[in-house]
Amino acid sequence: IYMAYGWRTHMAAGYLLKEAKYDARQLSDDEMWSLFAYLFSSKSVNDTSYKFGFLKSILDNLYNVDEELTLSFNQLFSKFAEIYWNLVLKHHILQKNPGKNNRRSELENVLYAAKERFLIEEEIPFESITDEMKYYVCHNVKQKCKQNVVGALYADLGGVFYSFSKQGEWIKLNPQMYEFVCKHKVAIEKLNYYEWARFLEKVNEDAVIDHLLSKIDESTERKNLTYYRDILFQEFEKNCFYCGKPVTYGKVAVDHFVPWSFIKDDNLWNFVLACPECNGKKSNK
């Protein structure tokens with residue numbers, strides 16, 4: 001009864017919390033699945049899509065944690081800003097019901113203000129804007145969105161997923177939840193996409209939501225890896241990482257050692273050189 005009702009009442013105003021510690025009690029896999037089942041159910045109230053976007057930001061940063069399983073708000077909201085930049089400005093997808101007054105969410109206001117401030121043309125992907133623009137966008141998105149979304153997701157996952165401090169600007173993942181989410185990352189990500197898409201379908205017109213799931217999945221696009229190939233080819237032995245055979249610049253692939261589906265981030269430490277045959281065999285494994 002406590003699991004089902006008691007802590008939900010206590011956590012109802014989680015978005016108002018300035019800081020909180022995760023509950024470190026031992027949880028079974030079924031109990032951890034039940035937490036995500038609640039998050040993705042109709043009982044979890046969502047005025048905007050922020051919780052789905054913030055969960056995706058955490059999932060995309062799972063392998064960027066430090067030794068204490070901590071992620072900074074800068075890490076999380078940089079990814080958050082990138083996701084929404086492409087969804088809002090590139091695909092023109094509303095992130096809340098505009099209502100009779102046609103009101104945008106605070107997040108959308110920040111993004112459109114940045115577009116006007118820097119005279120950015122329509123449909124420019126996030127990766128193509130300058131570092132100055134990225135800093136401005138990420139900082140302002142963080143300042144607006146950290147106020148509610150961090151505590152809201154904390155509460156909807158029963159206060160066991162992470163600790164957080166808005167003043168310190170960090171979250172610290174619960175080790176047992178971290179292990180669980182790493183193990184089931186692909187399934188949780190798909191559930192998150194599905195419920196995110198269901199929410200967006202309710203607040204957008206049919207013409208905008210065509211291929212909605214693919215637009216969410218592609219909101220953090222893969223970059224051109226030629227730059228990394230140049231670095232790896234210059235700095236390391238010119239052999240396939242997997243089979244050891246010599247490779248030439250014209251016939252070599254840059255491979256994400258931990259697949260892109262697990263780390264949607266281009267980190268140099270995660271790249272290796274591979275011959276076309278090994279790159280094809282490894283695929284998404």
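Trp85 is a good place to start in this predicted model: with a relative accessible area of just 1%, Trp85 falls under the 20% cut-off and so counts as buried. Its home is helix H4, which covers residues 73-90. Now look for Phe126, which sits in the loop between helix H5 (106-117) and helix H6 (131-156). Phe126 is buried too, at 6% relative accessibility.

What do these two have to do with each other? A pair of aromatic rings is described by the distance of the centres and the angle of the planes. For Trp85 and Phe126, the centres are 6.0 Å apart and the planes stand at 70 degrees, so this is an edge-to-face pair. The two residues are 41 apart in the chain, so the pair ties together distant parts of it.

Tyr162 and Phe164 make another edge-to-face pair, because their planes meet at 75 degrees, with 6.3 Å between the ring centres. Both of these residues are buried as well.

If you keep hunting for rings, the count comes to 23 aromatic pairs. Some of them join up into a cluster: Tyr50, Phe52, Phe54, Phe73, Phe77, Phe80, Tyr84, Trp196 and Phe199 are linked by ring pairs.

Two of those cluster members, Trp196 and Phe199, bring us to helix H8, which runs over residues 185-203. Its 19 residues reach 27 Å from the first C-alpha to the last, close to the 27 Å expected at 1.5 Å a residue. Which residues of H8 are buried? Trp196 and Phe199 are on the list, along with Lys185, Ile188, Glu189, Asn192, Tyr193, Glu195, Ala197, Leu200 and Val203. When you look at that list, keep in mind that an α-helix has 3.6 residues a turn, so residues three or four places apart point the same way.

Next, swing over to Met32 in helix H2, residues 29-39. At 4% relative accessibility, Met32 is another buried side chain. Who does Met32 touch, once its neighbours within four places in sequence are set aside? The contacts are Leu27, Gln176, Met177 and Phe180. Measuring along the sequence, Met32 and Phe161 are 129 residues apart, yet their C-alpha atoms are 9.2 Å from each other in space.

Finally, there are a couple of places where a charge meets a ring. Arg229 has its charged end over the ring of Tyr249, 4.3 Å from the centre. Lys238 does something along those lines with Phe233, lying over the face of the ring at 5.2 Å from its centre.

How values were computed:
Residues numbered from 1 in each chain as written. Predicted model: local features only at pLDDT ≥ 70, side-chain atom pairs only at ≥ 80, totals over all residues. Heavy atoms only, no water. Helix = DSSP H or I, 4+ residues; strand = E, 2+ residues; numbered from the N terminus. Expected span 1.5 Å × (residues − 1). Buried < 20%, exposed > 50% of the residue type's maximum accessible area, 1.4 Å probe, protein only. Phe/Tyr/Trp six-rings, centres within 6.5 Å; stacked < 30°, edge-to-face > 60°. Lys NZ or Arg CZ within 6 Å of the ring centre and 35° of its normal. Contact = heavy atoms within 4.5 Å.
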